[in-house]
Amino acid sequence: VAAHDDPETVLERVETVGLRGRGRADVAADEVLSDVWTRTIEADGDPVVVVHAADTDCPVDDLLCRSIPGYVLDGAQTIAETVGATDVVALATQSSLESLETVADEEMVHPSPDSFRIGEPTMALEALEGNDRIEARRRPPGPAEWGLYGRPTLVHTPRTLLQIRALLDGEAFDPESADPGTRLLAIRGAVAAPAIVELRTGSALSTALAAVETDGDRYIVGGQFGGVAGSLDVPASAPALSAPGLGTEGVVEVLDPDDCIVATVGERAAFAREENCGRCVPCREGSKQLHETLRAVYEGEFEPDTLRTLARVMRTTSLCAFGEAAVRPVRTALEAFEPEFRAHAEGRCPAGACGGFQ
């Protein structure tokens with residue numbers, strides 16, 4: 001460990017800058033890292049650091065592991081030294097696994113099931129423990145206090161680890177920013193070729209479109225359960241994205257001009273219905289009702305108040321972030337494009353290409 005990585009110095013610098021976690025797979029997603037680290041330091045037991053490189057929703061972490069695996073693990077080791085952890089383990093997709101194993105002990109890196117739900121940190125811990133049924137864990141306590149095999153556990157994405165390394169290696173971070181540093185964004189969807197772009201958090205998301213060719217003018221920001229938007233004139237920081245209900249997962253999906261908003265969010269509600277872990281009632285039953293209420297729009301029954309109530313209940317009472325995020329596409333689409341829902345209830349699709357969804 002380098003001299004500038006003295007544990008007290010690392011904690012002080014991260015705390016002074018106010019660096020936040022990156023990605024839904026991170027136990028400190030959009031939270032101030034030093035606050036979460038402090039909970040781990042103060043918890044009983046021997047801490048462990050988990051590199052979570054198995055989120056299938058965002059390709060950025062996989063790219064980082066394949067291109068600079070040594071930097072990823074160095075960031076994890078730095079955190080381990082900072083919080084007094086004796087073990088570092090990694091959960092990775094097959095492609096990330098092969099890359100990480102070139103710079104790590106074989107027993108340190110574990111293959112992940114190919115599942116969207118593994119992106120939730122406590123479900124990732126269930127996978128690491130080898131449990132047959134992968135479900136979200138009840139909180140409190142959270143993983144930072146009681147995680148892998150009951151040990152205080154920090155689950156961090158490669159994106160977070162690289163931000164920490166950049167800070168300690170001398171890159172400029174503005175401590176006055178509400179979300180200092182940069183964010184990596186995967187631009188995909190109706191584009192000539194997908195791209196990954198790094199933006200300062202104060203930069204507008206729209207500047208990332210310069211990296212792709214597209215005719216699209218509507219977007220889903222934040223991955224599978226991102227928010228629907230008609231503009232990308234919003235800063236890339238977590239607080240700025242969260243304010244209008246957009247996601248911070250690190251994905252900007254450009255919709256084709258012929259894509260139907262109602263069908264698009266309906267398909268994501270169907271995905272939530274199938275992919276949720278089933279542990280808590282608000283998510284399990286709420287996603288069913290959300291899907292059925294959206295299907296009813298095609299039968300002439302548009303109930304915006306019911307949809308908004310379902311979204312509020314799921315967002316505020318679900319056990320984990322899966323249920324909280326699953327309603328985001330519907331909630332934001334209603335906010336920005338409610339007339340399109342009303343048109344479908346009247347038997348018209350404004351996009352002219354909608355056959356409904358299953």
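## A tour of charges and strands

Start by selecting helix H1, residues 7–17: with 3 residues, this helix gives the largest share of a negative patch. Bear in mind as you go that the model is predicted. To see the whole patch, select Asp 6, Glu 8, Glu 12, Glu 15 and Asp 35, which gather on the surface as a patch of negative charge. Asp 6 sits in the segment before H1. Is Asp 6 buried or partly exposed? Its relative accessible area is 35%, so Asp 6 is partly exposed.

**Next stop: opposite charges**

Side chains of opposite charge can pair when their charged atoms come close. In this model the count comes to 26 salt bridges, and you can visit a few of them.

Select Arg 24 and Asp 55, whose side chains meet in a salt bridge at 2.8 Å, N to O. Arg 24 belongs to the loop between H1 and helix H2 (33–42), while Asp 55 belongs to the loop between strand E1 (48–53) and helix H3 (60–67), so this pair ties together parts that are 31 residues apart in sequence. Arg 24 is partly exposed, at 22% relative accessibility, whereas Asp 55 is buried, at 5%.

Now move to Glu 249 and Arg 159, where another salt bridge joins the side chains at 3.6 Å, N to O. Glu 249 lies in the loop between helix H8 (238–242) and E9, and Arg 159 lies in helix H7 (residues 158–168), so parts that are 90 residues apart in sequence are tied together. Both Glu 249 and Arg 159 are buried.

Then pick Asp 169 and Arg 165, which meet in a salt bridge at 3.0 Å, N to O. Here Asp 169 is partly exposed, with a relative accessible area of 46%, and Arg 165 is buried, at 4% relative accessibility.

For a network of salt bridges, select Arg 22, Asp 30, Asp 179 and Arg 183 together.

**Last stop: strand E7**

Select strand E7, residues 218–221, and show the side chains. Which residues point the same way as Arg 218? Ile 220 does, while Tyr 219 and Val 221 point the other way, and all four are buried.

Add strand E9 (residues 251–255), which pairs with E7 in the antiparallel sense over 4 bridges; look for Leu 255 in E9 opposite Arg 218. Then add strand E8 (residues 227–229), which pairs with E7 in the antiparallel sense over 3 bridges. There, Val 228 is the bridge partner of Ile 220. Finish at the hairpin of E7 and E8, with 5 residues between the strands. In its turn, Gly 222 has a positive phi of about 120°.

Definitions and conventions:
Residues numbered from 1 in each chain as written. Predicted model: local features only at pLDDT ≥ 70, side-chain atom pairs only at ≥ 80, totals over all residues. Heavy atoms only, no water. Patch = residues over 30% accessible without salt bridge, like charges linked within 9 Å, V, L, I, M, F, W, Y side chains within 5 Å. Areas by Shrake-Rupley, 256 points an atom, 1.4 Å probe, with all protein chains shown as cover. Salt bridge = Lys/Arg side-chain N within 4 Å of Asp/Glu carboxyl O. Lys, Arg positive; Asp, Glu negative; His and termini not counted. Charge placed at Lys NZ, Arg CZ, Asp CG, Glu CD. Helix = DSSP H or I, 4+ residues; strand = E, 2+ residues; numbered from the N terminus. Buried < 20%, exposed > 50% of the residue type's maximum accessible area, 1.4 Å probe, protein only. Pairing = 2+ DSSP bridges.
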